[in-house]
Amino acid sequence: MNDESLRVIIAGAQRGDRAALAALVERYAGRLFGFFYHMTGRRDDAEEMMQEVFLRVVRMIGAYSDHGRFEPWLFRIAANLTRDRIRRDRRSPMVCVTESDEPDGDPLPGAFTDESPADRSEQNEEIDRLNAALAQLPEAERQVVMLRHFSQMSFKEIAELMGTPLGTALARAHRGLARLRVLMEGHEGASDHDAYAARAS
Amino acid sequence: MTLTPHELRELEANEAWLHGFATPSPSPDALNRLRAAVQRETDAVVEPKRRVIRPGAPTGAWAAAAMLLLSAGVVWQAAREYRPAPTPPAFAAADTDRLEEFVSRWERTDEIDDDAPVLNWLSREVGDLESGANASWDGTLSQLEEEVTGLETDLTRPWYDSYDDDGATSPARG
């Protein structure tokens with residue numbers, strides 16, 4: 001979908017066109033879910049937060065001024081929601097739940113994919129490992145890494161969103177990704193700064 | 001803090017590495033619930049005659065608040081001078097009292113001599129409220145109160161002087 005078609009969809013959504021809002025859901029549900037799932041480690045929380053974002057979009061899109069920056073606006077809502085949720089949950093800390101711990105035991109359904117069950121199972125293991133590693137990152141590093149990964153926001157936009165200097169956002173991304181890679185690959189050498197990252201944790 | 005060219009290359013390589021991972025997907029049931037919820041919400045907020053989505057916030061009021069907060073230069077002046085118009089129901093007189101209480105507590109944390117972070121943060125919060133990226137002024141006030149409580153607590157801790165803005169710690173001063 002190019003910028004022009006997105007503009008048409010946004011204009012339709014602002015007029016209250018159901019089909020346009022449905023198109024926004026189809027386009028962004030997956031990325032928002034992925035962002036929330038990796039931020040919270042919980043499928044049910046991620047689904048609930050994904051829905052909350054879209055409800056806010058429906059309520060607020062009339063106030064959105066389209067300057068071609070819809071995605072940063074959307075993920076700003078997502079980031080604010082995450083921040084509020086994490087603060088609220090500090091009283092009862094989040095637990096990283098893997099797919100295999102989910103009550104129904106279902107593998108990740110291939111809602112947007114058509115992989116075989118074996119492929120999905122392998123992917124689930126990988127996603128579980130990634131979630132477990134992400135849960136070990138400091139919250140600020142995890143948020144920069146996930147915002148960058150799912151929203152495709154620039155570092156300047158992420159820095160503005162998080163209220164930090166650009167250099168801090170870059171440093172958090174660099175440190176967080178290096179640490180994540182070490183955690184996932186279980187060896188030294190992903191970065192010259194692994195030792196620093198380990199010390200900082 | 002800036003990254004060296006070598007670190008920037010590492011960052012790019014690690015970003016590419018992360019993109020190689022599978023992305024989790026919402027369940028079909030969750031997607032169906034989402035689609036239904038969006039339809040219901042659309043029906044609820046769209047004016048039947050004009051078919052436009054009503055802005056969910058009194059944006060003029062947020063703009064006024066933003067201007068006051070920023071133009072005053074210091075947050076407590078802005079808060080003291082700000083008297084919200086009666087129209088925005090989300091910002092009541094009680095909220096002004098809470099904001100003033102926050103400012104008063106902020107002033108008492110007189111070891112903090114740099115107002116820029118809180119001004120930037122407030123500006124961002126008000127901008128988010130105005131654009132709809134944040135939904136609740138009450139949530140913002142609660143957060144302000146949490147922030148100042150956190151600062152008051154932090155100031156009593158021995159490691160306060162060794163905390164820098166990117167979350168890393170360095171040897172305590174003095």
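These legends accompany close-up views of a predicted model. Residues are numbered from 1 along each chain as its sequence is written, while chains are lettered from A and ligands numbered from 1 in the order in which they are written. Because the model is predicted, local features need pLDDT (the predictor's confidence in each residue, from 0 to 100) of at least 70, side-chain atom pairs count only at pLDDT 80 or more, and totals for chains, interfaces and linings use all residues.

**View 1. Helix α2 of chain B, end to end.** Helices (DSSP runs of H or I, at least four residues, numbered from the N terminus) should span 1.5 Å times one less than their number of residues. For the 18 residues of α2(B), residues 28-45, that gives 26 Å, and the end C-alpha atoms are 26 Å apart, so the two agree.

**View 2. The two faces of α2(B).** Look here for the buried residues (20 or more other C-beta atoms within 10 Å of their own, C-beta atoms being placed from the backbone; exposed means 12 or fewer, partly exposed in between): A30(B), L31(B), L34(B), V38(B) and T42(B). They cover an arc of only 105 degrees around the axis (taken from the directions from the helix axis to the C-beta atoms), which puts them on the same side of α2(B). The face turned away carries exposed residues, including P28(B), N32(B) and R40(B).

**View 3. Where α2(B) meets chain A.** The buried residues of α2(B) pack against α2 (18-40) and α3 (43-60) of chain A.

**View 4. Confidence along chain A.** Helix α2(A) has the highest confidence in the chain, at a mean of 94, and α9(A), residues 194-200, the lowest, at 44. Where pLDDT is low, please do not read the predicted coordinates in detail.

Key. Two residues are in contact if their C-beta atoms, placed from the backbone, lie within 7 Å.
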